[in-house]
Amino acid sequence: MKKKIQSHMFFGIIWLVAGVTLAALVIIMGFILVKGVPQINLEFLTQEPRSMGSEGGILSVIVGTLYVTGVAVLLATPVGVAGAVYFTEYAKSGKIVDTVRFFTEVLAGIPSIIFGLFGFAFFVVFLGLGWSILAGGLTLAVMILPTIIRTTEEALKTVPMAYREGSLALGASKWYTISRVVVPSCKSGILTGVILGLGRAIGETAAVVLTIGGSLNMPFSIFDSTRTMSVHLYLLASEGISQEKTYATAALLIIIVFIINTIANAIGRRTVNG
Amino acid sequence: MKTNEKIIERVIQVSAAASVAAVALITIFIFVSGMPVIAKTGLYNFVTGTDWSPTSGTFGILPLIAGSLSVTLGALVIGIPTGVGCAVFLAEVANRRTAGIFRSAIELLAGIPSVVYGFFGLIVLVPAIRTTIVPLAQKINPDVSTSGFSILAGAIILAMMILPTIVSVSVNAINAVPQDYREASLALGADRRETITKVILPAAKSGIFASIILGMGRAIGETMAVLMITGNVAVLPKSVLDPVATMTGTIAMEMTYASPSHKQALFAIGIVLFVIIVLLNVIAQAVMKRFGGAAS
């Protein structure tokens, strides 16, 4: 009898914990969306910010976000995919591979503020790029590299060995096999990794705030200073500039990240099933 | 044709080495930028000094270390039981449909940017602590007062942020426990609760431990959310309702206006943070490797 009561209590607690977690998510998302979505309108999306962002929209911030994350993804994708190809197709297990893999894991664990410090010391000061889209994009590229390597590796591993053997047996070279058979047959898996990296880049604040400056002007070249939506949200919230604009920015940011992750999941699921 | 292949292989090798180069560059630049301050103050004085007044050139980061550790510890106290509970729920209790919904919810939680967590904490949690927790605490101790910016606020938000890490790694560990264990335990007359608490969780303990270490690394390294809700007062805290400044928050906030020597001190904090994080990751990886070996 006592055993039965204990059992009921145990599973009661487990359900409670799960329920609380779900509730926390609903409260956070619900609160931001309910307060923020009504503030998002055409003016907010198409006008440039005025008086430090307390009036007008966030057009220049959206453009800045596109620039910075675009630079990051464009730079990190080829390097990350090539790195993953090395791990799955070329590397023979051994000390060197273990070391490289260890460093990739370390890179994935480094907190974003350290990336920010590094980006500031290396890209902004040492390479003389100044606070700019390029410096921020490069910093983010280093940061999302492990995400792209890992996801691409997983995707490459799903390609059946028979594809490679078939291609090689037909007389194709190793590189021809990789570039025409292996990579094309898992390209949606690779795309998932790139999109996940994009999501990480858009949501990142600490690494960006130290490297892109934070100008509200419309950026024209990659050497201009700008701010991303995450940085804009941080500055609005911490300086208490405008409640409405802060809620609207937060809601827009959540919606964009949510859409990006949903797309990545949908593509990823299709790959697994197909 | 043959030389072409060789060149391509080289290019790919170099790309794979990019991670090594990145870690090396990060290490070099953080250390070179921060070392002068540590050399001048002395590592011991730097780490154990209780006075952080960068404008007057006194760099003691004990209050910042205490700040980081206290919010991290708080986050673990809330996050471990919740996270492991959720993992048990996902792996052993929920049916497929419920587990699917729950898994999406956890993924969603993992996708929320930290600055949004910070904003939520700032606008909801901090005022809530000020208006509800304080009157309760004052019934016990009338001297309690707080602005709401506190260890407690930081710990609650951080707990939510590390939950996805703890849950996903723990679920993998629980799923790796062989089905035979469950069947044998049930066949011996144990009920499901006893099977979970006395057989499955002990068998999965190294994986769960690794999840906790990883969560701890995330909590110590988290910046924006903590920066926005812990108050940023570099004084040793006395209670969970006191404000604290963390290592990460101090770097992010003070970098924007710091003088050159102050900047060096912030890089020196970066060194301490970097060493802590790398150590935690090495431990987690070692534990996971052992656990991976045991499971297969």
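**Two H6 helices and the A–B contact**

Good morning. In chain B, confidence is lowest in helix H13 (residues 260-295), at a mean of 82, and highest in helix H4 (residues 62-93), at 94. The model I am presenting is a predicted one. For chain B as a whole, the mean pLDDT is 89, with 97% of the residues at 70 or more. The scores for the model are ipTM 0.90 and pTM 0.90.

Let me turn to helix H6 of chain B, which covers residues 114-140. A straight helix of its 27 residues would reach 39 Å at 1.5 Å a residue, yet the end C-alpha atoms are only 34 Å apart. Where does H6(B) bend? The bend, of about 40°, is at Gly121(B).

Helix H6 of chain A, residues 133-157, offers a second case. Its 25 residues should span 36 Å at 1.5 Å a residue, and the end C-alpha atoms, 35 Å apart, agree with that. H6(A) nevertheless has a kink of about 40° at Ile144(A). That kink lies shortly before a proline, Pro146(A). As for its surroundings, H6(A) is mostly covered, with 22 of the 25 residues buried.

I close with the contact between the chains. Chain A contributes 63 residues and chain B contributes 63 residues. Which helix supplies the largest share of the side of chain A that touches chain B? Helix H1 of chain A, residues 2-36, does, with 16 residues. By residue type, this side of chain A divides into 45 nonpolar, 15 polar and three charged residues.

Thank you for your attention.

Key. Residues are numbered from 1 along each chain as its sequence is written. Chains are lettered from A and ligands numbered from 1 in the order in which they are written. This is a predicted model: local features need pLDDT of at least 70, side-chain atom pairs count only at pLDDT 80 or more; totals for chains, interfaces and linings use all residues. pLDDT is the predictor's confidence in each residue, from 0 to 100. Helices (H or I, at least four residues) and strands (E, at least two) are DSSP runs, numbered from the N terminus. The expected span of a helix is 1.5 Å times one less than its number of residues. The bend at a residue is the angle between axes fitted to the seven residues ending there and the seven starting there. Two residues are in contact if their C-beta atoms, placed from the backbone, lie within 7 Å. Ala, Val, Leu, Ile, Met, Phe, Trp, Tyr, Cys and Pro count as nonpolar, Asp, Glu, Lys and Arg as charged, and the others, Gly among them, as polar. A residue is buried if 20 or more other C-beta atoms lie within 10 Å of its own, exposed if 12 or fewer, and partly exposed in between; C-beta atoms are placed from the backbone.
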